[in-house]
Amino acid sequence: MDSGFDLYPIVRELPGSADSEVLACAAQRNSLLLAEDSDFGEWVFSHGQKGVNILYLRYSQSDLREIIRAVILVLHNFNAEGVKRFTVITPKKIRTREIL
């Protein structure tokens, strides 16, 4: 399925990279980082990481269809040039906080 999005799969392109390297790559590419790892929230809110948009997915396998729909909705409204945000998607909610 062609979604019309340019994807850069870190797991294939930079396997075994440290979180800091993943964040630097996303910032350099001015990309949205899709992650299932809560450590990226810690990087932003505890360590003050700036300059990157993160979309954190929290779901179980049975929720996958709802998560895919929510991700597509967020991606269609994503503006890489705007304010940097940390967005959490769960099956029931989408929450967004600006990264200050």
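This report describes a four-stranded sheet, the helix beside its crossover, and two residues ahead of strand 1 in a predicted model.

**The sheet**

Four strands make up an open sheet. Their order is 1-2-3-4, and the pairing is mixed. Strand 1 (32-35) and strand 4 (94-98) are the edge strands. Each has a single partner strand, so one side of each lacks a neighbour in the sheet. From one strand to the next, the twist averages 15°.

Strand 3 (residues 85-89) pairs with strand 2 (residues 53-57) in the parallel sense. Four bridges join strand 2 and strand 3. Strand 3 also pairs with strand 4, here in the antiparallel sense and over five bridges. A hairpin of four residues links strand 3 to strand 4.

The table lists residues that stand opposite each other or are bridge partners.

| Residue | Partner | Strand of the partner |
|---|---|---|
| Ile54 | Phe86 | strand 3 |
| Leu57 | Ile89 | strand 3 |
| Ile89 | Ile94 | strand 4 |
| Arg85 | Glu98 | strand 4 |

Ile89 appears in two rows: it stands opposite Leu57, and it also stands opposite Ile94 in strand 4. Arg85 and Glu98 form a further opposite pair.

How enclosed is strand 3 by the rest of the structure? Four of its five residues are buried, so strand 3 is largely enclosed. Buried here means under 20% relative accessible area.

**The crossover and helix 4**

Between strand 2 and strand 3, the chain passes through helix 4 (residues 64-76). This β-α-β crossover is left-handed.

Helix 4 has 13 residues. At 1.5 Å a residue, helix 4 should span 18 Å. The C-alpha atoms at its ends are 18 Å apart, which agrees with that value.

Which residues of helix 4 are buried? They are Ile67, Ala70, Val71, Val74 and Leu75. Seen down the helix axis, these residues fall within an arc of 135°, so they line one face of helix 4. The spacing fits a general rule. An α-helix has 3.6 residues a turn, so residues three or four places apart point the same way.

The buried residues of helix 4 are covered by elements that include strand 1, strand 2, strand 3 and strand 4. On the other side of the helix, Arg65, Arg69 and His76 are exposed.

**Ahead of strand 1**

Gln28 belongs to helix 2 (residues 19-28). Is Gln28 buried or exposed? Gln28 is exposed, because its relative accessible area is 70% and the cut-off for exposed is over 50%. Its C-alpha atom is separated by 17 Å from that of Leu55. Gln28 and Leu55 are 27 residues apart along the chain.

Asn30 sits in the loop between helix 2 and strand 1. Its phi is near 50°. That is a positive value in a residue other than glycine. Asn30 is partly exposed, with a relative accessible area of 27%. That value lies between the cut-offs, under 20% for buried and over 50% for exposed.

Key:
Residues numbered from 1 in each chain as written. Predicted model: local features only at pLDDT ≥ 70, side-chain atom pairs only at ≥ 80, totals over all residues. Heavy atoms only, no water. Pairing = 2+ DSSP bridges. Axes fitted to C-alpha atoms, helices over the stretch in contact; angles between N-to-C directions. Buried < 20%, exposed > 50% of the residue type's maximum accessible area, 1.4 Å probe, protein only. Right-handed = clockwise from strand over helix to strand, strands pointing away. Expected span 1.5 Å × (residues − 1). Arc of directions from axis to C-beta. Contact = heavy atoms within 4.5 Å.
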